[in-house]
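Trainee: Hey, got a minute to walk me through this one? I've got it open and don't know where to look.

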Amino acid sequence: LWAEYTQTYMDTEEKALAARFVAALATFRDVQASASATARDGRIDDLNAVLRGPFAQAFSTLNDVNDKLIQLQITHGKTEFEQARDTADRAVLLMWLFGVAAIAVGLGLGVAITRSITGPVGLIVAAMSRLSSGQLTVEIPGKGRGDEIGTIAGAVQVFKDSAIRME
C-alpha cells in the first residue's frame, strides 16, 4: 500500500514527511530487531533498557511523523474538497445561467414568431373588415408572400375582386 501511496501526487512537504516516515520506520525496525534478539538471548535487563530507551524513542518518532503525515493528508483533503465544492458551485451557477438564457431566448423567439404571424394576420383582418363595410379600394396586405399568410391574403383578394365585379 505504501508503494501505491508514494506513486500519487505529493507536494514538497508531503515528500519530505514521507521520507522522514520511511527513515523512522527503518530505525524502528532496526531497534525492534535488536530488542527481539535481546529477548531471544534472555537478557531481560538489557531488553528493558532497549524498550525504555531506543525502542520508545524510535516508536515516538515514527508515531509523530505518522501523525504529521495524517494531518497533512487531512488538510489536503479539506482543501481539495473545498476546491471541488467551489467548482461544483460554479458549474451549478453556469447551468442556471445557461438555463435562464435558453428560456429567455426561447421566449424571445416565441414572441418574435408570434408577432410575425399575428401582425400580418391582424392587417388582413383589418382589410377584410373594411371590405365588408364596402371599402373596395382597400389594399390587401401580404399578397406577395410565399407562405400561409400570402395564401390567406390571396383568398381575401379573390373576395375583393368578386365584390368589385358584383358592383
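Trainee: I clicked on Asp147 at random. Is Asp147 buried, exposed or partly exposed?

Mentor: Asp147 is partly exposed, because its relative accessibility is 28%. Keep in mind as we go that this is a predicted model.

Trainee: Okay. Which residue does Asp147 form a salt bridge with?

Mentor: Asp147 pairs with Arg145, and their closest N and O atoms are 2.6 Å apart. Arg145 is partly exposed too, at 35% relative accessible area.

Trainee: How many salt bridges does the count come to?

Mentor: The count comes to five salt bridges. Some of them share partners: Asp41, Arg43 and Asp46 are joined into one network that way.

Trainee: Nice. What are the N to O distances around Arg43 in that network?

Mentor: Arg43 meets Asp41 in a salt bridge at 3.7 Å, N to O. Arg43 also has a salt bridge with Asp46, and there the closest N and O atoms are 3.7 Å apart.

Trainee: And is Asp41 buried or exposed?

Mentor: Asp41 is exposed, because its relative accessible area is 54% and the cut-off for exposed is over 50%. Arg43 is partly exposed at 38%, and Asp46 is partly exposed at 37%.

Trainee: Switching to helices. How do the axes of H2 and H3 cross?

Mentor: H2 covers residues 12-40 and H3 covers residues 44-132; their axes come within 9 Å and cross at roughly 160°. An angle over 145 degrees counts as roughly antiparallel, so H2 is roughly antiparallel to H3.

Trainee: Is that crossing left-handed or right-handed?

Mentor: H2 passes H3 in a left-handed crossing.

Trainee: What kinds of residues are in the contact of H2 with H3?

Mentor: That contact has 20 nonpolar residues, seven polar ones and five charged ones.

Trainee: And what about H3 and H4, how do those axes cross?

Mentor: The axes of H3 and H4 (residues 148-166) come within 11 Å and cross at roughly 5°. That angle is under 35 degrees, so H3 is roughly parallel to H4.

Trainee: How does the contact of H3 with H4 divide up?

Mentor: Ten of its residues are nonpolar, none are polar and one is charged.

Trainee: Which residues meet there?

Mentor: On the H3 side you'll find Ile117, Pro120, Val121, Ile124, Met128 and Leu131. On the H4 side they meet Ile149, Ile152, Ala153, Val156 and Lys160.

Trainee: What about the loop between H3 and H4, where Leu136 lies? Is Leu136 buried or exposed?

Mentor: Leu136 is buried, because its relative accessible area is 15% and the cut-off for buried is under 20%.

Trainee: Which residues does Leu136 touch?

Mentor: Leaving out residues up to four places away in sequence, Leu136 touches Leu131, Lys160, Ala163, Ile164 and Glu167. Take Ile164: Leu136 and Ile164 are 28 residues apart in sequence, yet 6.6 Å apart in space, C-alpha to C-alpha.

Trainee: One last residue: where is Gln157, and is it buried or exposed?

Mentor: Gln157 sits in helix H4. Gln157 counts as buried, because its relative accessibility is 15%.

Trainee: Which residues is Gln157 in contact with?

Mentor: Setting aside neighbours within four places in sequence, Gln157 is in contact with Ile140 and Lys143.

Definitions and conventions. Residues numbered from 1 in each chain as written. Predicted model: local features only at pLDDT ≥ 70, side-chain atom pairs only at ≥ 80, totals over all residues. Heavy atoms only, no water. Axes fitted to C-alpha atoms, helices over the stretch in contact; angles between N-to-C directions. Helix = DSSP H or I, 4+ residues; strand = E, 2+ residues; numbered from the N terminus. Parallel < 35°, antiparallel > 145°, perpendicular 65-115°, else oblique. Left-handed = near helix turned anticlockwise from the far one by under 90°. Nonpolar A, V, L, I, M, F, W, Y, C, P; charged D, E, K, R; others polar. Salt bridge = Lys/Arg side-chain N within 4 Å of Asp/Glu carboxyl O. Buried < 20%, exposed > 50% of the residue type's maximum accessible area, 1.4 Å probe, protein only. Contact = heavy atoms within 4.5 Å.
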